[in-house]
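Open the model in your viewer and show it as a cartoon. We will go from the whole chain to single residues and then to helix pairs.

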Amino acid sequence: MAIFLHRVGRIAFRHRWYVVLVWAAVLALAGWGAASAPKASDKPFSMPGIESQKAFDLMEQRFPGTTADGASARVVFVAPDGERIDDPVNRRTIERAVTSLADGPQVVSASDPFRARTLSKDGRTAYATVTYEAGPKDLSDATKDRLKDAVHDAQGGGLTVEVGGKALSEGSRPGGVAELIGVAVAALVLLVTFGSLAAAGLPLLTALIGVGISLASILALAHALDLSATTSILAMMLGLAVGIDYALFVVSRYREERARGHAPQEAVGLAVGTAGSAVVFAGLTVVIALAGLWVVGIPGLTKMGLAASGAVTVAVLVALTLVPALLGFRPHAVLTRRARRGGAAEERNAPAEATAEHSSPAEAAGERSTPDSWGTRWARFVLRRPLPVLLLGVVALGALALPVTGLRLGNPGDEAKPTSTTERRAYDALADAFGPGFNGPLSIVVDARGSADAKDAVETVARRIGDTEGIVSVSPARFNHAGDTAVFQAVPSTAPTDERTKALVTFLRDARPAIRSGTGVTFAVTGTTAVDIDIAGKVRSALVPYLLVVVGLAVVLLLVVFRSLLVPLKAALGYLLSVLASLGSVVLVFQQGHGAELLGAEHTGPVMSLMPIFLVGIVFGLAMDYEVFLVSRMREAYVHGATPGQAVIDGFRHSARVVVAAALIMVAVFAGFVSEDDSMIKMIGFGLASAVLFDAFVVRMAIVPAALALLGRRAWWLPGRLDRMLPRVDVEGEALDRLPAGADPRPAGTATGERKASGTTAAERETSRT
């Protein structure tokens, strides 16, 4: 691996113009595809295997043409205090508004509240439902303007008017304040870390190029693959975060190699051969975690995972080819000003520090006379007190994880939006006037095929369900043309996200056998509320299998990378701590409401159903990034003869500052999305930011060195039989030490042969004996 990537880096450096032109062509091609491709459809996620989805499928089959994906708007009218909505003046105002809405473009129908009897019992609130022939994304500006004008005219008549539904919803779109915040903070962190504008700008530039290619590709394929807008946002989050980080590690290693005295081309080759190897395996763990989302069994989620993994793959390729190519244009620009002038003390000391990892333990000990970095001082502090540091880190993360025991899953709707939005105000007005369950009615689909008297059987089912405790009202049943299927709505007394509503749905489904035996017909419970309940159950049941698949594959991958049995297991356990602590923090804020107002989360309730899956998959990949980058430097020092303790110090000396910078960048990118209005994006951004914070600064910076210090040489132990079975990928770049300085690498097979002939290193032999 190291030999091959060494060659890739040198080739990209030498043929930089060709590499840049190829990437420019790819970006242009992706942009052309995005501009010429049709818009993505508004089809909702398909959830095979759940009852609510089966009921939707039955409705589509028995009621052809009535389950179209057209947008809808629910216009809510509220009379002033002391007045009724059916007063003559208010009635004329509403009727004019409904007439104006019905005459609008793309409108299928607009119901009159007085004819449809959609008035509240106190007479102060009414609503009209407007349906459109086009989906929310395809509504024209003229259609939206007609809706807004009708609302404005009714407000001028003295009524309070709000609009619910998706007609005026802008949806989730990439590009905005969140991305600008993340990029700005990333630029500041890079500038402080590198002390050079060029070094800070290069990772940002390449990351933005990679994100541009990924987003354009997703937009080009969105219609053909039915990709949602959230897919683009997730790909942008990950592509930007890992794109900056991967380029950061390559540039940082390049500066290290230049400090050792290597010429620019050779320094690029060594940087890509060592740090690039870590980038490949770190990226591979992220791809495994994202691609593993297929285990959940939700096609839309699988597509999101695959699209995001494609963005990560692009980021890896950019770091391995475009970064070294751009370094070739101005190879000295990324160095500090003092380094370029050749007078920096850090550049004079750097070669001595860098060679310590290739020296004997005695020689390595001698380097302590050089000024210690904060990473070195922290590593020595942890090595002196490994057990207290380990216990403190585990207890702290464990305490944050405790709220997970009270986790409730659901899909927040308009009630989770800010009160500044008309959708939220419409939701609240309907809940106040018609009860909390009005915003989430249950749709009951009765399959009466084979019944002698379908109408009587459906009426019996409706009556039995209407008499159920927790059901406020039942609408008249609507039959299909064949008369063998009916649909009616049952309004619960509790809100859609209330646990009592979930219990009610479960009770109705459990009562189905008794109702079927008495009527001869069966029914299914569906609707938005039931769909959310079913998705939450599906995710909960898929979480453990997903964990086993992702963690299992990644542990095997880390076995190959580190050639150790305990290091991958320690990495997986540390990850579980960080992801559970992050999920616990999400519960504290978004479910229990602690500090929710600081994040603009004005409504607390269940955690988004897909949140645990997102955290498990995405955070695992990102956590393994830091594990690979940090621990690979420790193994690199260990296989070159350093003691286990000195290997930990060497790893922190060379990687701690860069890992901290990379983590801060990721936290900034993810935290920037907390400013989004969309509650799902806000929650994902907060969860990912907190997970990276916990994993990088508690697990990787404290628990990992403490655990390695306690394990000693046992940390690098690998059974002999397993050692012979695993392929050697040489992430630490050991084969590069046998290359003549400045020479092109020999074929990979030759390097492998040399390694076999020379046997293992002294450290490896000692580890095997231990």
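## The whole chain

Of the 770 residues in the chain, 55% count as buried. This is a predicted model. Colour by secondary structure first: the chain has 28 helices and 11 strands. Now consider contacts between residues with a separation of 6 or more. Residues 24 or more positions apart account for 79% of these.

## Stop 1: a serine in α8

Select residues 197-225, which form helix α8, and pick out S214 within this helix. Is S214 buried or exposed? S214 has a relative accessible area of 7%, so this serine is buried, the cut-off being under 20%. Show the side chain of S214. It reaches the backbone oxygen of G210 at 3.0 Å. Next, display A311 and V314. S214 touches both, leaving aside residues up to four places away in sequence.

## Stop 2: two arginines with positive phi

Go to R117. This residue sits in the loop between α5 (113-116) and β3 (125-132). Its phi is near 55°, a positive value in a residue other than glycine. Turn on the surface here. R117 has a relative accessible area of 74%, so it is exposed, for which the cut-off is over 50%.

Now jump to R563. Look in the loop between α21 (528-562) and α22 (566-591). R563 is not a glycine, yet its phi is positive, at about 50°. Is R563 buried or exposed? R563 is buried, with a relative accessible area of 6%.

## Stop 3: α10 against α21

The next stops are helix pairs. Two packed helices are described by the angle between their axes and the distance between the axes.

Select residues 264-291 for helix α10, and add α21. The two pack at an angle of about 165°, with their axes 9 Å apart. An angle over 145 degrees counts as roughly antiparallel, so α10 is roughly antiparallel to α21. The crossing of these two helices is right-handed.

Show side chains at the contact:

- From α10, display F281, L284, T285, I288 and A289.
- From α21, display Y546, V550, L553, L557 and V561.

By class, the contact of α10 with α21 has 9 nonpolar residues, 1 polar and no charged.

## Stop 4: α22 against α25

Hide α10 and α21. Select α22 and α25, whose axes come within 8 Å and cross at roughly 145°. Which hand does the crossing of α22 and α25 have? α22 passes α25 in a right-handed crossing. The residues in this contact divide into 19 nonpolar, 6 polar and 4 charged.

## Stop 5: α15 against α25

Keep α25 (residues 679-711) on screen and add helix α15 (residues 374-384). The axes of α15 and α25 come within 9 Å and cross at roughly 50°. This angle makes α15 oblique to α25. The crossing of α15 and α25 is right-handed.

Which residues make the contact? Show these side chains:

- On α15, pick W378, V382 and L383.
- On α25, pick M701, A702, P705, A706 and A709.

Colour the selection by class. The contact of α15 with α25 has 8 nonpolar residues, with no polar and no charged ones.

Notes:
Residues numbered from 1 in each chain as written. Predicted model: local features only at pLDDT ≥ 70, side-chain atom pairs only at ≥ 80, totals over all residues. Heavy atoms only, no water. Axes fitted to C-alpha atoms, helices over the stretch in contact; angles between N-to-C directions. Helix = DSSP H or I, 4+ residues; strand = E, 2+ residues; numbered from the N terminus. Parallel < 35°, antiparallel > 145°, perpendicular 65-115°, else oblique. Left-handed = near helix turned anticlockwise from the far one by under 90°. Contact = heavy atoms within 4.5 Å. Nonpolar A, V, L, I, M, F, W, Y, C, P; charged D, E, K, R; others polar. Buried < 20%, exposed > 50% of the residue type's maximum accessible area, 1.4 Å probe, protein only. Polar contact = N/O pair within 3.5 Å; in protein donor to acceptor, adjacent residues only side chain to side chain.
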